[in-house]
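Please look over the fold shown below. The report that follows takes a helix as its starting point and works outward from there.

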Amino acid sequence: MFVRFLALLSVFVALSLSLSASPKQSSEAFYQRNVFYAGGEYTFVPSSNSTILINQIYVEQLTPLYRKTRKYPVIFFHGGGVSGTQWLNKPDGNRGWASYMLSKGYEVYIVDQWSVGGFSIPYNPGVLPHVSASSVLAIYFSLRRSSKTNLDAAPLILGGGVELATVAFTAPELYDYYYQARYHTQWPGNGTRGDPVFDSFFATFLPLSLGPLAQNISRKSTCALLHQIGPSIFVSHSYGGQGAFLATDGCPELVKAHVAFEADQTPFGNYDAGTFGATTPAPSRAWGIADVPIAYDPPVTDPNQLARVAIGQNQFIEGKISNFSCVLQADTATQKPRRLVNIAKAPVLFLTTQASVHVLYDHCQVSYLRQSGVSVTFTLLEKIGILGNGHFGMLEKNSDDIARYFEGWIRKNVQ
Ligand SMILES: *[C@@H]1O[C@H](CO)[C@@H](O)[C@H](O)[C@H]1NC(C)=O
Ligand SMILES: *[C@@H]1O[C@H](CO)[C@@H](O)[C@H](O)[C@H]1NC(C)=O
Ligand SMILES: *[C@@H]1O[C@H](CO)[C@@H](O)[C@H](O)[C@H]1NC(C)=O
Ligand SMILES: *[C@@H]1O[C@H](CO)[C@@H](O)[C@H](O)[C@H]1NC(C)=O
């Protein structure tokens with residue numbers, strides 16, 4: 001895997017990575033791997049006078065070699081700007097959460113979000129799984145030229161540059177844009193470009209498509225997978241949280257529980273810019289937690305029917321932003337919040353780290369889910385003695401400590 005990245009990188013960018021970036025000998029758990037695609041529809045393309053399959057989801061199924069003791073499998077949903085490789089070995093070469101769950105007897109499925117990695121871009125050109133950003137873009141632009149697609153509805157955007165990755169994920173403590181950044185200590189290496197672990201992490205970045213089309217297809221394709229493999233447990237990270245909630249909305253009978261690690265963003269808005277000093281969210285997610293229709297009770301036919309109210313105030317410590325206000329559904333004597341009828345069918349464990357920018361706003365998403373009838377256990381990792389993590393805690397030094405906690409929760413909450 002990594003060797004392939006190195007080869008691609010050396011072709012596309014004049015960057016020489018030190019060989020010490022190579023992971024140690026793999027420490028992954030023993031498993032049997034099966035790769036397949038789920039969902040998809042045949043579509044005739046007039047301009048090429050041929051029929052192709054689109055929107056299928058790329059899936060890696062990892063089955064523990066020696067003992068599969070858990071009834072329900074785990075499906076991992078990666079965050080925006082990266083791919084399913086996040087769950088395999090970590091950029092420092094140590095084993096990640098897929099191995100952790102395999103070693104506890106779970107079957108593991110890793111999906112690539114729509115438009116990313118092996119999950120085909122709109123007209124699946126048969127790209128190899130986890131290809132580099134440059135080759136995805138090359139295929140994307142050649143498709144734009146050659147066929148009448150609705151690619152304009154699904155533009156690929158940059159998943160994040162070195163600057164964002166450093167400030168927001170690997171070394172926020174060096175920038176101090178928000179108060180809690182100073183507590184970040186768990187990233188392996190110094191977290192900046194030139195460090196072998198950072199370079200190895202950054203090599204996994206890919207462009208992605210985030211809009212309503214991507215959300216619709218994500219929900220449909222993930223439910224196609226669930227109909228194929230049966231009831232499952234979700235573990236999501238960041239943007240992957242939205243995919244997991246949408247799939248729960250689409251086929252709730254097949255979702256046993258959802259571990260949402262620093263999942264998604266805030267209701268009706270985006271605070272990402274807050275990392276860099278902005279203090280108001282950019283409007284987004286008209287349906288509360290997505291830009292596409294979600295099932296509510298009473299039903300919502302137009303997202304403006306969701307009455308919104310601003311709650312709380314931005315808080316600062318020593319002049320640094322430390323907590324954001326929220327926009328929630330109005331809750332008054334005459335107007336009760338509408339229920340997320342389908343999403344409420346699966347219990348959620350929401351995890352937030354001590355030093356990620358998410359600690360400033362994840363409480364908003366949790367409040368929204370709870371007022372909408374979802375059963376959420378909200379655990380700030382610092383409250384259970386897991387200290388120093390940033391947004392990519394599953395790649396950090398103490399990632400097993402986080403996995404141990406949520407695996408324990410799964411055992412208690414999924415029968
Ligand atoms: C399209 O392909 C079919 C065979 O699948 C062929 O019969 C037909 O002539 C082709 N049409 C054009 C315009 O090339
Ligand atoms: C991190 O380590 C790399 C490689 O040794 C070095 O080039 C870079 O300057 C270091 N960055 C910091 C902030 O220490
Ligand atoms: C997404 O699906 C909804 C129906 O649930 C539809 O109204 C909307 O037009 C779709 N959006 C896109 C961009 O496909
Ligand atoms: C942010 O404020 C909310 C109340 O609006 C509170 O529940 C939460 O604990 C605060 N979080 C932090 C990190 O201060």
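Which residues of α8 are buried? They are D362, H363, C364, Q365, V366, Y368 and L369. This is a predicted model, and every value here is computed from it.

**Helix α8 and its cover**

Helix α8 spans residues 362–371 and is mostly covered. Seven of its ten residues are buried. The cover over these buried residues includes three strands: β14 (326–329), β15 (348–352) and β16 (376–380). After α8 comes G373, with a positive phi near 95°.

H363 also appears in a ligand shell. Ligand 4 is surrounded by G312, S322, N323, V359 and H363. That shell holds one nonpolar residue, four polar residues and no charged ones.

Ligand 2 has its own shell, made of N190, T192, G194 and D195. Three of these residues are polar, one is charged, and none is nonpolar.

**The overall fold**

The protein has nine helices and 16 strands. It counts 415 residues, 49% of them buried. Take the contacts between residues at least 6 apart in sequence: 72% of them join residues at least 24 apart.

**The eight-stranded sheet**

Eight strands form an open sheet with mixed pairing. Their order is β1-β4-β6-β5-β7-β8-β15-β16. The edges belong to β1 (31–38) and β16; each has a single partner strand, so one side of each lacks a neighbour in the sheet. On average, neighbouring strands of this sheet are turned by 20° against each other, direction ignored.

Inside the sheet, β5 (residues 74–77) is covered on both faces. V74 and F76 lie on one side, I75 and F77 on the other, and all four are buried. In a regular strand, side chains alternate between the two faces of the sheet. β5 runs parallel to β6 (residues 108–111), and four bridges join the two. I75 has Y109 of β6 as its bridge partner.

A second parallel pair is β8 with β15, again over four bridges. Here F261 stands opposite L351 in β15.

**The nonpolar cores**

Which residues touch the most other members of the largest nonpolar core? They are F76, A98, V108, V111, V259, A260 and L351, in a core of 87 residues. Beyond its neighbours within four places in sequence, A260 is in contact with S236, G241, A244, V348, L349, F350 and L351. Another core lies apart from this one; it has nine residues, among them W114, L206, L210 and L213.

**A355, a buried loop residue**

A355 sits in the loop between β15 and α8. Is A355 buried or exposed? A355 counts as buried, because 26 C-beta neighbours lie inside 10 Å. Leaving aside neighbours within four places in sequence, A355 is in contact with P172, Q180, A181, Y183, H184, G388, N389 and G390. A355 and F169 are 186 residues apart in sequence, yet their C-alpha atoms are 9.6 Å apart in space.

**Backbone features in loops**

Two residues other than glycine have positive phi values. The table sets them side by side.

| Residue | Phi | Loop | C-beta neighbours within 10 Å |
|---|---|---|---|
| F268 | near 65° | between β8 (255–261) and β9 (269–270) | 23, buried |
| E318 | near 50° | between β12 (315–317) and β13 (320–323) | 8, exposed |

F268 is buried because 23 other C-beta atoms lie within 10 Å. E318 counts as exposed because there are 8 C-beta neighbours inside 10 Å.

One cis peptide bond deserves a look as well. Which residues does a cis peptide bond join? The bond joins D297 and P298, with omega about -5°. P298 is found in the loop between β10 (282–283) and β11 (308–311).

Key: Residues are numbered from 1 along each chain as its sequence is written. Chains are lettered from A and ligands numbered from 1 in the order in which they are written. This is a predicted model: local features need pLDDT of at least 70, side-chain atom pairs count only at pLDDT 80 or more; totals for chains, interfaces and linings use all residues. A residue is buried if 20 or more other C-beta atoms lie within 10 Å of its own, exposed if 12 or fewer, and partly exposed in between; C-beta atoms are placed from the backbone. A nonpolar core is a set of buried Ala, Val, Leu, Ile, Met, Phe, Trp, Tyr and Cys residues joined through C-beta atoms within 7 Å. Two residues are in contact if their C-beta atoms, placed from the backbone, lie within 7 Å. A residue is near a molecule or strand if its C-beta atom, placed from the backbone, lies within 6 Å of it. Ala, Val, Leu, Ile, Met, Phe, Trp, Tyr, Cys and Pro count as nonpolar, Asp, Glu, Lys and Arg as charged, and the others, Gly among them, as polar. Two strands pair if DSSP finds at least two bridges between them. Axes are lines fitted to C-alpha atoms, for helices over the stretch in contact, and angles run from 0 to 180 degrees between N-to-C directions.
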